[in-house]
Amino acid sequence: MRQILLLAALLISAPSASLQAEETATQLRQMAWLAGTWKRVELPDGQSGYERWTYDDAQGFVGIGVTERNGKTTFEEKLRIVPKDGTVYYVADVPENAQPVYFKLTKLSETEFSFENPTHDFPQKIAYRKDGSHLHVKVFAGEKAEQFEFERQR
């Protein structure tokens, strides 16, 4: 009897896991417009930066964010947007943190998405919004916020 109950539980949960995987794959595809290189705009002379994202149906997104001053890299972050445990996460790996930080998907539309992690110091929310060939990224926690403007390069 115990084996029958275990088998029944597995059969009931399998379709649920499959539906979750399908839903996260659909959500990732909806963000596919992010793939490419986005150059920072509105920076002071001597400064530049970019985000570069690649997309793969099986793996999600892999990205890198780079800030440069006078041609030298001053900051670099490794980024990912991945499915995990039935949801989608933005993962930021920056030198200041001992471990990558996970932000859970909280909003998704055709032109924008946002991720949140209320337990992280800063940021707690990361929001991306596409406006034609421009990308607006806002990171914030409470009253503290930073805005980054990008233009699609390719």
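## Exercises on a ten-stranded barrel

Asn-70 sits in the loop between β3 and β4, in what is a predicted model.

**Exercise 1.** Find what is unusual about the backbone of Asn-70, and decide whether this residue is buried or exposed.

*Solution.* Begin with the general expectation, which is that most residues other than glycine have a negative phi. Asn-70 is not a glycine, and yet its phi is positive, at about 50°. For the second part, the relative accessibility of Asn-70 is 62%, and because the cut-off for an exposed residue is over 50%, Asn-70 counts as exposed.

Glu-42 can be worked through in the same steps: Glu-42 belongs to the loop between β1 (36-40) and β2, and has a positive phi of about 60° although it is not a glycine. With a relative accessible area of 72%, Glu-42 is exposed. A further positive phi, near 55°, is found at Asp-85, in the hairpin of β4 and β5, where 2 residues lie between the strands.

**Exercise 2.** Describe the secondary structure of the protein chain, and then work out how the strands are arranged.

*Solution.* The first step is to list the elements, which come to 1 helix and 10 strands. Read along the sequence, the pattern is α-β-β-β-β-β-β-β-β-β-β, with the helix ahead of the strands. The next step is to follow the pairing, which is antiparallel and runs β1-β2-β3-β4-β5-β6-β7-β8-β9-β10 in a closed barrel of 10 strands. From one strand to the next, the twist averages 25°.

The individual pairs can then be inspected in the structure. Antiparallel β3 and β4 share 9 bridges, and one position to look for is Gly-65, whose bridge partner in β4 is Glu-77. From β4 to β5 there are 7 bridges, again antiparallel, with Leu-79 facing Ala-92 of β5 as its bridge partner. β5 in turn is joined to β6 by 4 antiparallel bridges, where Tyr-89 has Lys-104 of β6 as its bridge partner.

Burial adds a last step to the solution: buried residues make up 31% of the 154 residues in the protein chain, whereas in β5 6 of the 7 residues are buried, so that this strand is mostly covered.

**Exercise 3.** Locate the salt bridges of the structure, and place them relative to β7.

*Solution.* A search of the whole structure gives 2 salt bridges. Side chains of opposite charge can pair when their charged atoms come close. In one salt bridge, the side chain of Lys-107 meets that of Glu-112 at 3.5 Å from N to O; in the other, Glu-116 meets Lys-125 at 4.0 Å, N to O.

For their surroundings, consider accessibility residue by residue. Lys-107 is partly exposed at 42%, and Glu-112 is partly exposed at 24%. Glu-116, at 33%, is partly exposed, and so is Lys-125, at 24%.

The strands come next. β7 covers residues 112-116 and pairs with β6 in the antiparallel sense over 4 bridges, after a hairpin of 3 residues that joins β6 to β7. Within this pair, Glu-116 is the bridge partner of Lys-104. On its other pairing, β7 makes 5 antiparallel bridges with β8, including one in which Phe-115 is partnered by Ile-126.

**Exercise 4.** Characterise the largest pocket, and then examine the peptide bond that leads into Pro-123.

*Solution.* Rolling a probe the size of a water molecule over the atoms shows where empty space is left. The largest pocket holds about 540 Å³ of space. Its lining has 28 residues, with Phe-75, Glu-77, Val-94, Pro-123 and Val-139 nearest the centre. Among the elements that give two or more residues to this lining are β2 (47-56), β4 (72-84), β5 (87-93) and β10 (144-152). Sorted by character, the lining divides into 17 nonpolar, 5 polar and 6 charged residues.

Pro-123 deserves a separate step. Pro-123 is placed in the loop between β7 and β8. As a general matter, most peptide bonds are trans. The bond from Phe-122 to Pro-123, however, is cis, with omega near -5°.

Key
Residues are numbered from 1 along each chain as its sequence is written. This is a predicted model: local features need pLDDT of at least 70, side-chain atom pairs count only at pLDDT 80 or more; totals for chains, interfaces and linings use all residues. Side-chain values use heavy atoms; hydrogens and water are left out. On a 1 Å grid over the protein atoms alone, a cavity is a set of points where a 1.4 Å probe fits but cannot get out, and a pocket is an open set with protein on both sides within 12 Å along at least five of seven lines; lining residues have an atom within 4 Å of a point. Grid points are joined across faces, edges and corners, and a volume is the space filled by probe spheres set on the points. Ala, Val, Leu, Ile, Met, Phe, Trp, Tyr, Cys and Pro count as nonpolar, Asp, Glu, Lys and Arg as charged, and the others, Gly among them, as polar. Two strands pair if DSSP finds at least two bridges between them. Axes are lines fitted to C-alpha atoms, for helices over the stretch in contact, and angles run from 0 to 180 degrees between N-to-C directions. Buried means under 20% relative accessible area, exposed over 50%, partly exposed in between (1.4 Å probe, protein chains only).
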